[in-house]
Amino acid sequence: DLLMLNRNPAIMMVEYDPTGTRVLRVFNPHIAMNPHGLRVDRHGNIWAIDSFLNVIYKLNGKGEVLKVFGVRGENAPWDNSKWNGMFNQPLDVAFDKDDNFYVVQSHGGTSPPADCSFCATYDSAQTRNAHGHAVMVSHPPVIPGSDPRVMKFDKNFNFIASASLAHPDGKFPTIHTVIVAPNGDVWVGDRASEKIIVFDKDLKNRHEIQEHNLTCGFYEDATGQLWMSTGRHGLVLKMGWDGKVQGWFGHHGDNPDSNDIGEGHYMAVSKDQKTIFVADTVLAHVIKLEHN
């Protein structure tokens, strides 16, 4: 089935049939203030991320909350000697074969994006959404997005390792996506610099692959094929695990015909590779692509 995490609070989580045409259920309204990433682990658990309130929800297949990871509405200065128990704009999560999981954080200091009509901001203790309703916001002590980082945890939620992804110029990057490669390496998408940063499983050694598109959302299909959505560049890329592009759909964002995909935020591909779904946060819909 196809799962969608939506920024409309009334229909925040939706499950469709595998064709994406029939709604099976709508559940967990208002679970997040700014939904960002959604992943399903190999056990069928659903992981949903709120990049504004700095928490990650682990849900079972029924949608029931099993664990809330992080402290709702809070962050704290990073301490290299121990994890402070908090995130600072978590955006995506990935899993390895031993059920360790990796989290990337930092939305470049902006969460939510300016075009999100259902979201709140960090401006004050109380603000108003697009419908004029007052909503509570948080007052974290650390600047939102100021600690770009990838973190590793074991299956029991114990912190194992981390690596900073800060830019030398001091500008906040957007560390948007993470995936574990078949060989165990950890791939991180630094969207602002159009780079893939590859770490070993311990987050020690690293090298970079320079791309020419916004590295927005990784997806590995059932065959082990790597795919990537490219943010506002409006492309879906079929890729090898060497970082080379093997094929694509769409037009680059600078192209006047690039209206197929407004922003390829995250994506999913069917087992037979014939159907591609792209969550488009600019055009506010899920695009279904059929490929033969």
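## A walk from Glu263

A polar contact of 3.0 Å links the side chain of Glu263 to that of Arg191. Keep in mind that the model you are looking at is predicted. The two side chains also meet in a salt bridge, with N and O 3.0 Å apart. Glu263 sits in the loop between S21 and S22, while Arg191 sits in the loop between S15 and S16, so this pair ties together parts of the chain that are 72 residues apart in sequence.

Is Glu263 buried or exposed? Glu263 is buried, because its relative accessible area is 5%, and buried means under 20%. Arg191 comes out at 13% relative accessibility, so Arg191 counts as buried too. What else does Glu263 touch, once its neighbours within four places in sequence are set aside? Besides Arg191, Glu263 is in contact with Gly231, Arg232, Ala279, Asp280, Thr281 and Val282.

Let's step back and take in the whole chain. There are 24 strands and 0 helices. Of the 292 residues, 53% count as buried. The accessible surface of the chain adds up to about 13,500 Å², and carbon and sulfur atoms hold 50% of that. As for contacts with a separation of 6 or more, 44% of them are between residues 24 or more positions apart.

Now back to the strands that follow Glu263. The loop with Glu263 runs between strand S21 (245-250) and S22. S22 covers residues 264-269 and pairs with S23 through 5 bridges, the two strands running antiparallel. If you'd like one pair to look for, Met267 has Val278 in S23 as its bridge partner. The hairpin of S22 and S23 has 5 residues between the strands, and there Gln273 takes a positive phi near 65 degrees.

Strand S23 itself takes in residues 275-280, and 5 of its 6 residues are buried, so S23 is largely enclosed by the rest of the structure. On the way out of S23 you reach another hairpin. How many bridges join S23 to S24? There are 6 of them, and S24 (residues 285-290) runs antiparallel to S23. Asp280, one of the residues that Glu263 contacts, stands opposite His285 in S24. The hairpin of S23 and S24 has 4 residues between the strands, with Ala284 taking a positive phi near 55 degrees.

Follow the chain to Glu290 and you meet another charged pair. Glu290 forms a salt bridge with Lys288, with the closest N and O atoms 3.5 Å apart. Glu290 is exposed, because its relative accessible area is 55% and exposed means over 50%. Lys288, at 35% relative accessibility, counts as partly exposed.

These pairs belong to a total of 10 salt bridges. In another of them, the side chains of Arg149 and Asp147 meet, at 3.1 Å from N to O. Arg149 is buried, with a relative accessible area of 6%, and Asp147 counts as buried at 13% relative accessibility. There is also a network of salt bridges, which links Lys195, Arg206 and Glu208.

Next, look at Ala192, in the loop between strand S15 (186-190) and strand S16 (195-199). Is Ala192 buried or exposed? Ala192 counts as exposed, because its relative accessibility is 53%; Arg191, in the loop between S15 and S16 as well, counts as buried. Ala192 also makes a good landmark for seeing how the chain folds back on itself in space. Ala192 and His107 are 85 residues apart in sequence, yet their C-alpha atoms are 9.7 Å apart.

One last stop takes us to the surface. Which residues make the nonpolar surface patch of about 230 Å²? Ile11, Val23 and Val26 make it. Val26 belongs to strand S3, which spans residues 23-27. With 46% relative accessibility, Val26 counts as partly exposed.

Definitions and conventions: Residues are numbered from 1 along each chain as its sequence is written. This is a predicted model: local features need pLDDT of at least 70, side-chain atom pairs count only at pLDDT 80 or more; totals for chains, interfaces and linings use all residues. Side-chain values use heavy atoms; hydrogens and water are left out. Buried means under 20% relative accessible area, exposed over 50%, partly exposed in between (1.4 Å probe, protein chains only). Two strands pair if DSSP finds at least two bridges between them. Patches are made of residues with over 30% relative accessible area and no salt bridge: like charges are joined within 9 Å, nonpolar side chains (Val, Leu, Ile, Met, Phe, Trp, Tyr) within 5 Å. Accessible areas come from the Shrake-Rupley method with a 1.4 Å probe; for residues, only the protein chains shown count as cover. A salt bridge is a side-chain nitrogen of Lys or Arg within 4 Å of a carboxyl oxygen of Asp or Glu. A polar contact is a pair of N or O atoms within 3.5 Å; within protein, one must be able to donate a hydrogen and the other to accept it, and residues adjacent in sequence count only if both atoms are side-chain atoms. Contact means heavy atoms within 4.5 Å.
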